[in-house]
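The following explanation is intended to be read beside the sequence and the model. Please keep both in view while reading.

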Amino acid sequence: MLDKEFDLITIGESLIEFSTNQKLKDAECLHKYYGGDSLVVAVAAKRLNSNVGFITCIGNDAYKDYMLSSWEAEGLNIEHAKVVDDNNGLYMVSRAPGEEKEFIYYRKKIAPAKLSIDDIDEDYIKKAKIVYASGVTQSLSIASREAVKKAFTIAKENGVLTAYDPNYSSVISTTEDAKEYFEEIIGLTDILFMSSKYDTKAIFDIDSIENIMKHISDCGVETIVIKSSLDKGYFVNSQRNTSFVPFYTDNVVDTTSSGDAFNGAFLHALANSYTPIEAAKIASIDAGLQSQGIGAIKSIPHHDEVYNIYRSEE
């Protein structure tokens, strides 16, 4: 790829995270951090030494300074993280041993929903090798949907790759909304991530991985990754050829945002001239290590840990 200032720019929400390894009803202490799918993608790529920008709106509340200083400490470029007079959203996650994960969102009328086309700077987008957004970003508001479409349109017009993940959750949107978001953006998408457990079932009436790959390729998408918990790995399609990369590990504690960590590591690797298959192997390690901790971001691994494993397995 051409020399650009940023390997990746992500667009989306930021949330305060409270996590515990006890059931929520029993926990007396919750650990504070931060999350949000596009932010996880950004941090995962940054911790692998990519230059990464993050576009969002952040609430002018008690958590603002904590989040901004944390992102600066991570090394993210946040010149387009705009402070607005709304509250930040939050979620709580619990992964008690032997119990189902508990997950609670509070994300209505939050600051990131103010994201709009006015926050998409054409010159900033041009500085990236890859621009990323998700269905979660689109779900925030009509204005945020318009922002994603504008960013992807600018990217396509200027030779910047676009990457998209529907990231469907019934907690966040309906299947009808997810289909609408997908159809609106797929024609502008170069790299697509999907989950066979959630996204493909919500968006397509197609059963087989092979037929889904063909359908998406026919839409013009160049690189496709379908994450399959059933098959314990990733189906990677590039130039209409599909390969399989297994999960790095089955030893997981909390899979919260492990798919987002995968996306960030994959895009980091693509931006640094790895092939899609090599990128999937690097990203599988990254996601596997991330899932051995609790919460979205604090357990994301750093460069040397991931690449030492990758090189030892090659």
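The paragraphs below treat the pocket, the helices, the nonpolar cores, the cavity and a few individual residues in turn.

The structure is a predicted model. A suitable place to begin is its largest pocket, which has a volume of about 1300 Å³. The lining of this pocket comprises 43 residues, and those nearest its centre are Lys101, Tyr198, Thr255, Ser257 and Ser258. Five elements give two or more residues to this lining: the strands β7 (102–106), β10 (191–195) and β11 (223–228), and the helices α9 (258–271) and α10 (276–290). In chemical character the lining of the largest pocket is mixed, with 15 nonpolar, 16 polar and 12 charged residues.

One of the strands that contribute to the pocket, β7, contains Phe103. Is Phe103 buried, exposed or partly exposed? Its relative accessible area is 34%, so Phe103 counts as partly exposed. Beyond its neighbours within four places in sequence, Phe103 is in contact with Tyr91, Met92, Val93 and Thr256. Phe103 and Val171 are separated by 68 residues in sequence, yet their C-alpha atoms are 9.7 Å apart in space.

Helix α10, which also contributes to the pocket lining, has 15 residues. From its first C-alpha to its last, α10 reaches 20 Å, close to the 21 Å expected at 1.5 Å a residue. Most of this helix is covered, with 12 of its 15 residues buried. The buried residues of α10 include nonpolar ones such as Ile282, Ile285 and Leu289, and also Ser284, Asp286 and Gln290. What covers the buried residues of α10? The cover includes the helices α1 (37–46), α9 and α11 (303–313), together with the strands β11, β12 (233–238) and β13 (241–246).

Helix α1, part of that cover, is itself largely enclosed by the rest of the structure, because 10 of its 10 residues are buried. The buried residues of α1 include Leu39, Val40, Val41 and Val43, and also Asp37 and Lys46.

The nonpolar cores come next. In soluble globular proteins, nonpolar side chains tend to be buried together. In this model the largest nonpolar core has 61 residues, of which Trp71, Phe193, Phe262, Phe266, Leu267 and Ile297 touch the most other members. Helix α9 supplies the largest share of this core, 8 residues. Apart from this core lies another, of 42 residues, which includes Val84, Ile154, Ile226 and Phe235. Within the larger core, Phe193 may be examined in more detail. Neighbours within four places in sequence aside, Phe193 is in contact with Phe262, Phe266 and Leu267, among others. The contacts of Phe193 also include Tyr132, Tyr164 and Val225, as well as Asp165, Asp199 and Lys227.

The structure also holds 1 cavity of 30 Å³ or more. About 60 Å³ of space lies within the largest cavity. Its lining includes Gly135, Val136, Ser139, Pro166, Tyr168, Ile172 and Tyr181. Helices α4 (135–139) and α6 (175–185) each supply at least two residues of this lining, and α4 gives the most, with 3 residues. What is the character of the residues that line the largest cavity? The lining divides into 6 nonpolar and 5 polar residues, with no charged residue.

Three further residues complete the account. Ser217 lies in helix α8 (residues 209–218) and counts as buried, because its relative accessibility is 8%, under the 20% limit for that class. With neighbours within four places in sequence left aside, Ser217 is in contact with Ile224, Asn237 and Arg240.

The remaining two residues are of interest for their backbone angles. Most residues other than glycine have a negative phi. Asn49, however, has a phi near 80 degrees, a positive value in a residue other than glycine. Asn49 lies in the loop between α1 and β4 (52–59), and counts as exposed because its relative accessibility is 56%. Lys109 likewise has a positive phi, of about 55 degrees, although it is not a glycine. Lys109 is placed in the loop between β7 and α3 (122–126). With a relative accessible area of 78%, Lys109 is therefore exposed.

Key:
Residues numbered from 1 in each chain as written. Predicted model: local features only at pLDDT ≥ 70, side-chain atom pairs only at ≥ 80, totals over all residues. Heavy atoms only, no water. 1 Å grid on protein atoms, 1.4 Å probe; cavity = no way out; pocket = protein on both sides within 12 Å on 5 of 7 lines; lining within 4 Å. Points joined across faces, edges and corners; volume = space filled by probe spheres on them. Helix = DSSP H or I, 4+ residues; strand = E, 2+ residues; numbered from the N terminus. Expected span 1.5 Å × (residues − 1). Buried < 20%, exposed > 50% of the residue type's maximum accessible area, 1.4 Å probe, protein only. Contact = heavy atoms within 4.5 Å. Core = buried A, V, L, I, M, F, W, Y, C linked by side-chain atoms within 4.5 Å.
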